[in-house]
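Work through the exercises below with the model open. Try each task before reading its solution.

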Amino acid sequence: MSRLIELVLFAYSMGLVVYSLLSWTADPRIAVLRSWLAKYYEPLLTKIRAVARPVPIKQSLVDFSSVILLFGLVVLKHVFLYLVPRGW
């Protein structure tokens, strides 16, 4: 069971990386995939953006919400693996 939860957290993390990389493209064919992934990531990212605003760097704003969420998922995985016995 712990292996399954670890796998789910890994898959969610990799999906977040893909979602973040797709945000750099403007291809309309990719917009379908991006909008589908947005259903799973935007609710959490919106809450993080409310607390951690984008940082102005030179002439643009840099959004670190994906990095914060990814870090949180890694911490959640390690806390879970520490608290749950390996054979569970």
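**Exercise 1.** In this predicted model, determine how the axes of H1 and helix H2 are arranged.

Solution. Start with the distance: the axes of H1 and H2 (residues 28–51) come within 9 Å. Next, take the angle: they cross at roughly 120°. Angles of 65 to 115 degrees count as roughly perpendicular, and those over 145 as roughly antiparallel. The angle fits neither class, so H1 is oblique to H2. Last, the handedness: the crossing of H1 and H2 is left-handed.

**Exercise 2.** Classify Met1 as buried or exposed, and find the surface patch that holds Met1.

Solution. Locate Met1 first: it sits in the segment before helix H1 (2–22). Its relative accessible area is 53%. Exposed means over 50%, so Met1 is exposed. Now the patch: Met1 belongs to a nonpolar surface patch whose members include Leu4, Phe10, Met14 and Trp24. Together, the patch residues have about 960 Å² of accessible area.

**Exercise 3.** Place Leu69, then decide whether Leu69 is buried or exposed.

Solution. Leu69 lies in helix H3 (residues 65–83). Its relative accessibility is 8%. Buried means under 20%, so Leu69 is buried. Add a distance: the C-alpha atoms of Leu69 and Trp24 are separated by 18 Å. Along the chain, Leu69 and Trp24 are 45 residues apart.

**Exercise 4.** Describe the backbone and the surroundings of Lys58.

Solution. Lys58 is in the loop between strand E1 (55–57) and strand E2 (60–62). Its phi is near 55°, a positive value in a residue other than glycine. Relative accessibility is 82%, so Lys58 counts as exposed.

Conventions
Residues are numbered from 1 along each chain as its sequence is written. This is a predicted model: local features need pLDDT of at least 70, side-chain atom pairs count only at pLDDT 80 or more; totals for chains, interfaces and linings use all residues. Side-chain values use heavy atoms; hydrogens and water are left out. Helices (H or I, at least four residues) and strands (E, at least two) are DSSP runs, numbered from the N terminus. Buried means under 20% relative accessible area, exposed over 50%, partly exposed in between (1.4 Å probe, protein chains only). Patches are made of residues with over 30% relative accessible area and no salt bridge: like charges are joined within 9 Å, nonpolar side chains (Val, Leu, Ile, Met, Phe, Trp, Tyr) within 5 Å. Accessible areas come from the Shrake-Rupley method with a 1.4 Å probe; for residues, only the protein chains shown count as cover. A salt bridge is a side-chain nitrogen of Lys or Arg within 4 Å of a carboxyl oxygen of Asp or Glu. Axes are lines fitted to C-alpha atoms, for helices over the stretch in contact, and angles run from 0 to 180 degrees between N-to-C directions. Angles under 35 degrees count as roughly parallel, over 145 as roughly antiparallel, 65 to 115 as roughly perpendicular and the rest as oblique. A crossing is left-handed if the near helix is turned anticlockwise from the far one by less than a right angle, and right-handed if clockwise.
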